[in-house]
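Please look over the sequence and model shown here before reading the notes beneath them.

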Amino acid sequence: MSNAVRIEPDLQFIKDLQAVGGESLKKCYQCATCSVACPLSPADAPYPRKEMVWAQWGLKDKLVNDIDIWLCHNCGTCSDLCPRGAKPGDLLSALRNMAYRNLVTPTVIGKWMSDSKYLPILVAIPAALWLFVWFLTTGLTIPQATSSSARSSPVTSPLTPS
Ligand code: SF4
Ligand code: SF4
């Protein structure tokens, strides 16, 4: 009896990955140099070679749920040593980027979090909320120091020679 598994590549996912930093993923020829070179790769489930082949096959579900992509600290050693210039470190960065987009709800927040050009929006939202709460609680006035807090301030007196 055959144990063949039918793979259905998500071609759009491959294109999306290539658009956000994984453009060299097709150069990988599975030599595994990257997994050996990575200082953090565990022996029982080494990365990033397996992520390279999953990305080439367009296995989106495996990749967006792959915990190993979050172990990478983007040192670039694997990319430096890859004989094909496939940039596996860049692929893992691109996968983290894609994971933001797929896991964050609402999805527009994921889009903002995955691109630095949206950083001003991400800063503006909590700033606007903070201003709103400030407006509701104080009418945007700056609280004055109370007389009791003024009395409790330490008063220093000049030292007198004995
Ligand atoms: S990414 Fe490079 S080093 Fe890693 S398996 Fe592919 S060709 Fe080899
Ligand atoms: S970039 Fe990530 S996967 Fe590559 S060697 Fe560094 S930690 Fe390992």
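The report below takes up the overall fold and then the surroundings of each ligand.

## Overall fold

This is a predicted model, and the protein in it contains nine helices and zero strands, so that the order of elements read along the sequence is α-α-α-α-α-α-α-α-α.

Of the 162 residues in the protein, 20% are buried. When contacts with a separation of 6 or more are considered, 60% of them in the protein are accounted for by residues 24 or more positions apart.

## Surroundings of ligand 1

Around ligand 1 there are 13 residues, of which C28, C31, T33, C34 and C82 come nearest. Two helices, α2 (33–37) and α3 (49–57), each contribute at least two residues to the shell around ligand 1.

Sorted by class, the shell around ligand 1 holds nine nonpolar residues, together with two polar and two charged ones.

## Surroundings of ligand 2

Ligand 2 is surrounded by 15 residues, and the closest of these are C38, C72, C75, C78 and G89. Here the helices α5 (77–81) and α6 (88–103) each supply at least two residues of the shell, with the largest share, three residues, coming from α6.

The shell around ligand 2 is made up by class of nine nonpolar and six polar residues, and no charged residues are found in it. The shell around ligand 1, by contrast, has two charged residues.

Key:
Residues are numbered from 1 along each chain as its sequence is written. Chains are lettered from A and ligands numbered from 1 in the order in which they are written. This is a predicted model: local features need pLDDT of at least 70, side-chain atom pairs count only at pLDDT 80 or more; totals for chains, interfaces and linings use all residues. A residue is near a molecule or strand if its C-beta atom, placed from the backbone, lies within 6 Å of it. Helices (H or I, at least four residues) and strands (E, at least two) are DSSP runs, numbered from the N terminus. Ala, Val, Leu, Ile, Met, Phe, Trp, Tyr, Cys and Pro count as nonpolar, Asp, Glu, Lys and Arg as charged, and the others, Gly among them, as polar. A residue is buried if 20 or more other C-beta atoms lie within 10 Å of its own, exposed if 12 or fewer, and partly exposed in between; C-beta atoms are placed from the backbone. Two residues are in contact if their C-beta atoms, placed from the backbone, lie within 7 Å.
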